[in-house]
Amino acid sequence: MGKAILGIDIGGTGIKGAIVDVKTGEMLTERAKLPTPPPALPSQVTQVVKTLVDQLDYKGNLIGFGFPSIVKDGVCKTASNIDNSWIGTDLNSMFSQALGKQCIVINDADAAGIAELQFGEIGNVKGTVILLTLGTGIGSALFIDGKLVPNTEFGHLKFKESIAEKYTSNKVREVQDLSYKQFGVRLSKYLSHLEHIFSPSYFILGGGVSKKLAKYQKELDLSTPVVAATKLNNAGIIGAAYYAQEAK
Ligand code: BGC
């Protein structure tokens, strides 16, 4: 067995975590999930994270986090689906101080992408791979010959009247009550746009709706193969734990 590291994925609706074997990418505990507190201010979120660490009875000294914003050198730079007060927060320091453990924070989609390339079915392929997480927003991870280009924000590409994540995220599907067919048609238009710009070898879809790929796959009119993340919506947890161990 490899090292057991806690991975935490902070999302717009839920804060999820599990202890991960960072050698195999397997989760050693059930996934614990607590609702993201409204309003999701830094102090409230930190409280929920503390509860999660206690629930999982984690005794290790290192925690990896996936966070839903641009995270540059551990500092939160943007706030699309989180409170604006996060901008400028040194997440690494804040969580480390609050939890008394070393905390390493990266973008949530980058974490999911790292897990997929490390432990997923496609593996570390040559060429360009784009992972998209379809959740409250759309997160992206871009890999070139297995190397991550961090903090891409393809969910924020100008698209239709607004930006892509306001057109084809999972939240948009729910709020607008789109059928899977309608959702697939929208997603196809967005992926075609990315395909034209990047000529990727693969698209990998993460987030809860990746489990339902079979329901909209036939609407995806692309020449690039589209696969669901092997780790589905646990990829963020697994990748955050793995990255922390590598970066510490
Ligand atoms: C944020 C990204 C994040 C994605 C998924 C977007 O709104 O800008 O940084 O990765 O949501 O949570």
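**Two domains and a ligand**

Reader: How many residues of domain 1 are in contact with domain 2, and how many of domain 2 are in contact with domain 1?
Author: This is a predicted model, so let's count contacts in it. Contact here means heavy atoms within 4.5 Å. On that basis, the residues of domain 2 touching domain 1 number 13, and on the domain 1 side the count is eleven.

Reader: Where do the two domains run along the chain?
Author: One of them comes in two pieces: domain 1 is written as 4-111 + 235-247. The other, domain 2, is 124-229. Taken over C-alpha atoms, their centres are separated by 23 Å. To put the bounds together: domain 1 is 4-111 + 235-247 and domain 2 is 124-229.

Reader: Which domains supply the shell around the ligand?
Author: Residues surrounding the ligand include S69, N107, I138 and H156. By class, the shell has three nonpolar, six polar and three charged residues. At least three residues come from each of domain 1 and domain 2.

Reader: Which side chain has an N or O atom 2.6 Å from an oxygen atom of the ligand?
Author: Try a few candidates. For H156, a polar side-chain atom is 3.0 Å from a ligand oxygen. For E165, the distance is 2.8 Å. The 2.6 Å value belongs to D108.

Reader: How much of the ligand's accessible area does the protein cover?
Author: The ligand takes up the space of the largest pocket. On its own, the ligand has 310 Å² of accessible area. Of that, the protein covers 94%.

Notes: Residues are numbered from 1 along each chain as its sequence is written. This is a predicted model: local features need pLDDT of at least 70, side-chain atom pairs count only at pLDDT 80 or more; totals for chains, interfaces and linings use all residues. Side-chain values use heavy atoms; hydrogens and water are left out. A residue is near a molecule or strand if one of its heavy atoms lies within 4 Å of it. A polar contact is a pair of N or O atoms within 3.5 Å; within protein, one must be able to donate a hydrogen and the other to accept it, and residues adjacent in sequence count only if both atoms are side-chain atoms. Accessible areas come from the Shrake-Rupley method with a 1.4 Å probe; for residues, only the protein chains shown count as cover. On a 1 Å grid over the protein atoms alone, a cavity is a set of points where a 1.4 Å probe fits but cannot get out, and a pocket is an open set with protein on both sides within 12 Å along at least five of seven lines; lining residues have an atom within 4 Å of a point. A molecule sits in a cavity or pocket if more than half of its atoms lie within 2 Å of its grid points. Ala, Val, Leu, Ile, Met, Phe, Trp, Tyr, Cys and Pro count as nonpolar, Asp, Glu, Lys and Arg as charged, and the others, Gly among them, as polar. Domain bounds come from an automatic or database domain assignment.
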